[in-house]
Amino acid sequence: MNVNGQPYCTIWIKEENPETVRIIDQRRLPFDFIVEDIDSVDSMAVAIKDMHVRGAGLIGASAGYGMYLAALEASRASNFQLHLQESAEKLLDTRPTAVNLAWAVERQLAAISKESSSEAKIQTAFETATKIADEDADFCRRIGEHGFGLIKGISEKKRGDVVNILTHCNAGWLAFVDYGSATAPIYAAFNAGIDVHVYVDETRPRNQGARLTAWELGQHGVSHTVIADNVGGHLMQHGMVDLVITGTDRTTYTGDVANKIGTYLKALSAKDNDIPFYVALPSSTFDWNTRDGVSEIPIEQRGGDEVKYIDGFIDGEERTALLTPLESNAANYAFDVTPARLITGLVTERGICEPNEESILAMFPERGSSPA
Ligand code: MRU
């Protein structure tokens, strides 16, 4: 996507030095656009944990490149395999909910283990990281093509009137390598000249909606309105939302969806108001081993200070302000699970399926008839 008219992905190899990975430090957006150099697996682990990079697809791509950096380091360590394994564990420890992380690390370990020399292992790690990133962008582009029809259909029904879409958190290009999942159909519709408007949930406590989704939609020229997290139900009750599209950090093969905290409430509200609620995801976000999302998906809990304090910029300076009594306790559950029964459909790179085991496995038959 474009930033100030210049095309960017969210992660890439530094042109002058192929042993350095470059990322956009998302903690500074929308006020500063800062590109950060990452040249060790430790710095990649910090970048994921502290959310310089975030979002399911980008966490996966970052983990893929992290394993490439680990392979480079391993070739200088006394025990290649031990360094690789320790690095994999370090990356796996960073964030528990987004399944793309484990998927990318395991894909790298399997690919690297097929080679015998250090040189071949490094080359394979590089090629696998690149493949993971390229695939992520390509899958999101295809999600856009499949989801486009949903928006087009609503636009036709409304005889060209504006299509109002509500989204939560940031499942945009910043959460992937390019295009985004929830935003890909929106960008496709906008590019095709369909009149779209997006309600952007602010997404407390880290405000990915207010800071990131609003910024990237604005960069692309898409009309949008930021709303406080509790507004969606009211808008839906009053016919102001035609469609809800969110992303997901992990979706079971039965169709339960883990996504940013607050998604479940939006799905309940959409159900009560008969509004279609779609979840967009590349297949790397399916968890083929988990049947029941509510009881089995690990929900990340982050520090309470993210709830008690708010970050913002004043006169170009980043400032942090306390919102609560200093001594209050705060709980910070980062994700919730929306049961499949509240979801209208899943938009994947292969097409749209229903959120149930039969339909998901019909779309991904290579996963077998009963994965777990
Ligand atoms: O905590 P984050 O910012 O990594 O959370 C991820 C999200 O932005 C959303 O939950 C998103 O819808 C899923 S990631 C595509």
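**Cavities and the seven-stranded sheet**

User: How many cavities of 30 Å³ or more are there in the whole structure?
Analyst: Three cavities of 30 Å³ or more turn up in a search of the whole structure. Keep in mind that this is a predicted model.

User: How much space is in the largest cavity?
Analyst: About 140 Å³.

User: Which residues lie nearest its centre?
Analyst: Arg54, Gly55, Ala56, Asn170 and Asp249, out of 19 residues that line the largest cavity. Helix 2 (56–74) and strand 11 (257–260) are the elements that give two or more residues to that lining.

User: And by class, what is the lining of the largest cavity?
Analyst: Eight nonpolar, seven polar and four charged residues.

User: Which domains does that lining draw on?
Analyst: Domain 1 (2–135) and domain 2 (147–367) each supply at least three residues to the lining of the largest cavity.

User: OK, the second largest cavity. What volume?
Analyst: About 60 Å³. Its lining consists of Gly57, Gly60, Ala61, Asn100, Trp103, Ile132, Glu135, Asp136, Phe139 and Ser284. Two or more of the lining residues come from each of helix 2, helix 4 (99–113) and helix 5 (118–157).

User: Which helix gives the most to that lining?
Analyst: Helix 5, with four residues.

User: Class split for the second largest cavity, what is it?
Analyst: Four nonpolar, four polar and two charged residues make up the lining of the second largest cavity.

User: Switching to the sheet of seven strands. What is the strand order?
Analyst: 8-7-6-9-12-17-18, in an open sheet with mixed pairing.

User: Why is one side of strand 8 and of strand 18 left without a neighbour in the sheet?
Analyst: Strand 8 (223–227) and strand 18 (351–353) are at the edges and each has a single partner strand, so one side of each has no neighbour in the sheet. From one strand to the next, the twist averages 25°.

User: In what sense do strand 6 and strand 9 pair?
Analyst: Parallel, over two bridges, with strand 6 covering residues 163–167 and strand 9 residues 243–246. Leucine 166 has valine 244 in strand 9 as its bridge partner.

User: What does helix 6 touch on the sheet?
Analyst: Helix 6 (residues 183–191) packs on the sheet against strand 6, strand 7 (196–201) and strand 9. The direction of helix 6 makes about 155° with that of strand 7.

User: And helix 9, which strands does that touch?
Analyst: Strand 6, strand 7, strand 9 and strand 12 (277–280) are touched by helix 9 (residues 263–272), which packs on the sheet. The direction of helix 9 makes about 145° with that of strand 12.

Technical notes. Residues are numbered from 1 along each chain as its sequence is written. This is a predicted model: local features need pLDDT of at least 70, side-chain atom pairs count only at pLDDT 80 or more; totals for chains, interfaces and linings use all residues. Side-chain values use heavy atoms; hydrogens and water are left out. On a 1 Å grid over the protein atoms alone, a cavity is a set of points where a 1.4 Å probe fits but cannot get out, and a pocket is an open set with protein on both sides within 12 Å along at least five of seven lines; lining residues have an atom within 4 Å of a point. Grid points are joined across faces, edges and corners, and a volume is the space filled by probe spheres set on the points. Ala, Val, Leu, Ile, Met, Phe, Trp, Tyr, Cys and Pro count as nonpolar, Asp, Glu, Lys and Arg as charged, and the others, Gly among them, as polar. Domain bounds come from an automatic or database domain assignment. Two strands pair if DSSP finds at least two bridges between them. Axes are lines fitted to C-alpha atoms, for helices over the stretch in contact, and angles run from 0 to 180 degrees between N-to-C directions. Contact means heavy atoms within 4.5 Å.
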